[in-house]
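Biologist: I would like to learn how to read a structure, one feature at a time. Could we begin with the cysteines?

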Amino acid sequence: MRARSVVVVLYDGVQSLDVTGPVEVFAGAGAATRQPGAYRVTTASPGGRPVRSGSGLRLLPDADLAEVGPVHTLLVPGGEPFEDPEGVLVGRIRELAGRAERVVSVCTGAFLLAEAGLLSGRRATTHWAYCEELARRFPDVTVDPDPIHVRDGHVATSAGVTAGIDLALALVEEDFGRDTALLIARHLVVFLRRPGNQAQFSTQLAAQVAARQPLREVQRWIAEHPEADLSVEALAHRSALSPRHFARAFAAEVGVPPGRYVGGVRLEAARRLLEDTDDGIEEIARSCGYGTPEAMRRAFVRSLAAPPAEYRRRFRSAPAGGH
């Protein structure tokens, strides 16, 4: 089997986890397929010089970026600063991308792809904190701030840090199949696989933690009991506030109205059960507070553009009865 060559671009200020996360995934493919040459990973920097990551970690590249050979997958990690005032790095990325079968960025590596003209007319994403800036600086790029990774043709972009692992797993699955990617994910103790259209934030992460203890307890209760009566009236009673006062205080401290927060938590709970269990659709709908399968179907179609059965088919973590 001919090894797929992966070139990982290094530069001063690079985010070390954007480098090592995907590299570990590609390295794991050798053991998972029992073919050590599944991927041939080369790290390369301008001039082949050592670089220092944003966290201070010193990285010694394998090669000079100007001298690397044929590229199957070009991976551009993020970092700060993600500028290239002399254009050397961007120019070489553009040149290598022209010969690569796949071009991939992690986090703010999308800025370097955009500078090289590789995202023009394409849909892309980056770390949520930089999506607005990417859209402003490159108006010819359709920036989607929600997904953890986006594939548009042979170019793929991903959100911050761990999303690079998700994207690398998706590429391994594309190259060697689901079983190989699953073995790697289990070895790394990560999920296989968060769907690319999954939001960068879970509901609990996207929302703020309430300042007042009663409201924090309500947030915990919602997460632990999605099947319960989570109406404003019921939640207000738990917090010892009037419904009107509760709704106003919750929205002010958490950042979203109670109903939207509850809807997000229930959707996440249902997604996890669809991905990780063999529970039936009706049982999941009931245990997650939807009441009926039709109510859950409407929520999935509205938020994920896929009904529950289709979502399970595409994104379940392991085959039914698998180990």
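Modeller: A disulfide is counted when two cysteine sulfur atoms lie within 2.5 Å. In general, it is a covalent bond between the sulfur atoms of two cysteines. By this rule the count here is 0 disulfides. This is a predicted model, in which local features need pLDDT of at least 70 and side-chain atom pairs count only at pLDDT 80 or more, while totals for chains, interfaces and linings use all residues. Residues are numbered from 1 along each chain as its sequence is written, and side-chain values use heavy atoms, with hydrogens and water left out.

Biologist: Why is Cys107 not in a bond?

Modeller: The closest cysteine sulfur to that of Cys107 belongs to Cys131 and is 9.5 Å away, which is too far for a bond. Burial is a separate matter: buried means under 20% relative accessible area, exposed over 50%, and partly exposed in between, using a 1.4 Å probe and protein chains only. Cys107 is buried, at 9%, and Cys131 also counts as buried, at 4%.

Biologist: What is notable about the phi of Cys107?

Modeller: Most residues other than glycine have a negative phi. Phi of Cys107 is near 55°, a positive value in a residue that is not glycine. To place it, we need helices and strands: these are DSSP runs numbered from the N terminus, helices being H or I with at least four residues and strands being E with at least two. Cys107 sits in the loop between β7 and α3. Ala240 also has a positive phi, near 60°. Ala240 lies in the loop between α9 (232–238) and α10, and it is exposed, with a relative accessible area of 68%.

Biologist: How do I read a sheet, and what is the strand order in this one?

Modeller: Strands of a sheet pair through backbone hydrogen bonds, either parallel or antiparallel. Two strands are counted as paired if DSSP finds at least two bridges between them. Here an open sheet of 7 strands has the order β5-β2-β1-β6-β7-β11-β10, with mixed pairing. β5 (63–64) and β10 are at the edges with a single partner strand each, so one side of each has no neighbour in the sheet.

Biologist: Which strands show the two senses of pairing with β11?

Modeller: β10 (residues 149–152) and β11 (residues 155–158) pair in the antiparallel sense over 4 bridges. Asp152 has Val155 as its bridge partner in β11. The two strands form a hairpin with 2 residues between them, and Gly153 in the turn has a positive phi of about 65°. By contrast, β7 (residues 102–106) pairs with β11 in the parallel sense, over 4 bridges. There, Val104 has Ala156 as its bridge partner.

Biologist: Which helices lie across these strands?

Modeller: Contact means heavy atoms within 4.5 Å. For angles, axes are lines fitted to C-alpha atoms, for helices over the stretch in contact, and the values run from 0 to 180 degrees between N-to-C directions. Helix α1 (residues 16–33) lies across β1 (4–9), β2 (39–45), β6 (73–76) and β7, at about 155° to β2. Helix α2 (residues 88–97) lies across β1, β6 and β7, at about 155° to β6. Arg92 is in helix α2 and is buried, at 10% relative accessible area.

Biologist: How many residues does the largest nonpolar core have?

Modeller: A nonpolar core is a set of buried Ala, Val, Leu, Ile, Met, Phe, Trp, Tyr and Cys residues joined through side-chain atoms within 4.5 Å. The largest has 58 residues, and those with the most contacts inside it include Val9, Phe26 and Leu113. Helix α5 (residues 162–176) gives the most to this core, with 6 residues. Apart from it lies another core, of 15 residues, among them Leu215 and Val254.

Biologist: How many aromatic pairs are there?

Modeller: Rings of Phe, Tyr and Trp (its six-membered ring) pair if their centres lie within 6.5 Å; planes under 30 degrees apart count as stacked, over 60 as edge-to-face and the rest as tilted. The whole structure has 7 aromatic pairs. Phe111 and Tyr130 have ring centres 6.4 Å apart and planes at 85°, so their pair is edge-to-face. Phe246 and Phe250 form a tilted pair, at 5.5 Å centre to centre and 45° between the planes.
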